[in-house]
Amino acid sequence: MIATAAELDRQDELASFRQRFFIDDPDLIYLDGNSLGRMPLAALEAVKRATEFEWGSRLVRGWPEGWVGAPARIGAKIAEIIGAQPDEVVLSDSTTVNLFKLVVAALRGNPGRPYVVTDDLNFPSDHYAITGAIDFLREGHELQVIRSANRIHISSDQVAGALTENTALFTASHTSFKSAFVYDMKAVSAAAHEVGALTLWDLSHSVGSIPVALNESNADLAIGCTYKYLNGGPGSPAFLYVRRDLQEKLSSPIHGWFGQRDPFAFDLSYTPREGIGRFLVGTPPILSSLAAEPGIDLTVEAGMDRIRAKSVRQTEFLIDLYDRVLKPLGMVLNSPRDSSCRGSHVSFGHPEAMRICKALINDENVIPDFRMPDNIRYGASPLYTTFTELEEGVESLAKVVRERRFERYDSERPNVT
Ligand SMILES: *Cc1c(COP(=O)(O)O)cnc(C)c1O
């Protein structure tokens, strides 16, 4: 007997966290927390304090009073979420910029090896940053792309088979943005280290949704964003992780005064700081950093084990609804069925996915996420998504498909999807 959505919501030990988010339209079914998380109420307070008091009253005195330490302080909180030491993570720049910095650092730090390996499930911006880093270095590196046979997953053995003594770096999204497939980080790291390659993980779809054990998995490098499951706000700063023993061996290609050993000595030559701070560049964006902190605090408070347990229940609930309601309508499942290798969203496939998403948003007050060519992503963000929302979201989807309500919409792709 399958529990009803209402029963599952009553049993949900994280249910009270929903009240800590700004929800002005209780009828809106928001299933896009994996693209932009909801706003924590405490973020509103943090921004008010950061503007009215800190920026407004304290002015430049704000720097020694807390701003200058914000990247390391917030980085240490993220470290707790991703299984790293507090001095291995720092908040800085965007995910893409951090990827560029760490790809260049890794290739310089592992010289004489021509290949960088990634996969075709990785986020396009990651491909761009990797090829940009290769162009920048002009040392003849080549990118090798592992292909997924089913566009859903890639096995650890497939990765191991692609790595050789000529591989400098393996880099991939830990959780794939379309299918939600999750790599076995420990197995892949072991395979990379066996041939002397470094690993760099993009945690954007993992952080705050699935426990990550960077230290335990022997991960070398990682990056990720804070505006998805960490609910940090649009364009909130990203983070980067460099394992402690690698920090002195690697350095950022973008030399800036925040990565300099003694910035206020105003020395004209660059000497990188010791530790993770050497990967900082320039003045950090304080308002968006402070706005991001409450979402990170909520995640630490709830605990990754409880978040993951609810996330698994929610994605299993979605897949069960898929089997009963969506599969009979001809939709396909574009996510793994095995929850041990699935993140916190489920992708439903339909050739008319884009028009269906338009109908969901305009007619049903359901916000999904369309990803080319045929993916309708339903994200479960365990701190505020309810089982009832998931059920109603699937019912709406079934209605739009069954009654062909999407036919009223054109198939022009919007500027942003
Ligand atoms: C969201 C996401 C990004 C975003 O990069 P930005 O530089 O923040 O725009 C990068 N990689 C992955 C895997 C993502 O999911």
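A charge is said to sit over a ring if NZ of Lys or CZ of Arg is within 6 Å of the ring centre and within 35 degrees of the ring normal. The model is predicted, so local features need pLDDT of at least 70, side-chain atom pairs count only at pLDDT 80 or more, and totals for chains, interfaces and linings use all residues. Residues are numbered from 1 along each chain as its sequence is written, and side-chain values use heavy atoms, with hydrogens and water left out.

**Exercise 1. State which residue lies over the face of Phe123, and place both residues relative to the ligand.**

Step 1. Lys228 lies over the face of Phe123, at 5.5 Å from the ring centre.

Step 2. Phe123 and Lys228 are both among the residues around the ligand (a heavy atom within 4 Å of it), a group that also includes Asp126, Asp202 and His205.

Step 3. By class, this shell divides into two nonpolar, six polar and three charged residues, where Ala, Val, Leu, Ile, Met, Phe, Trp, Tyr, Cys and Pro count as nonpolar, Asp, Glu, Lys and Arg as charged, and the others, Gly among them, as polar.

Step 4. Oxygen atoms of the ligand approach side-chain N or O atoms at 3.2 Å for Thr95, at 2.6 Å for Thr96 and at 2.7 Å for Tyr227.

Step 5. Taken alone, the ligand exposes 390 Å², of which the protein buries 86% (accessible areas by the Shrake-Rupley method with a 1.4 Å probe).

**Exercise 2. Classify the ring pair of Trp257 and Phe258, and give the accessibility of each residue.**

Step 1. Rings of Phe, Tyr and Trp (its six-membered ring) pair if their centres lie within 6.5 Å, and planes under 30 degrees apart count as stacked, over 60 as edge-to-face and the rest as tilted; by this rule the count comes to 16 aromatic pairs.

Step 2. The ring centres of Trp257 and Phe258 are 5.3 Å apart and the planes stand at 90°, so the pair is edge-to-face.

Step 3. Trp257, at 36% relative accessibility, is partly exposed, whereas Phe258, at 10%, is buried (buried under 20% relative accessible area, exposed over 50%, partly exposed in between; 1.4 Å probe, protein chains only).

Step 4. Both residues belong to a cluster linked by ring pairs, together with Trp63, Trp67, Phe264 and Phe266.

**Exercise 3. Explain why the pair of Tyr322 and Phe348 ties together parts that are apart in sequence.**

Step 1. The pair is stacked, with 6.0 Å centre to centre and 10° between the planes.

Step 2. Tyr322 lies in helix α11 (residues 304-326) and Phe348 in strand β10 (residues 345-349), so the pair joins parts 26 residues apart in sequence.

Step 3. Tyr322 and Phe348 are both buried.

Technical notes
Helix = DSSP H or I, 4+ residues; strand = E, 2+ residues; numbered from the N terminus. Polar contact = N/O pair within 3.5 Å; in protein donor to acceptor, adjacent residues only side chain to side chain.
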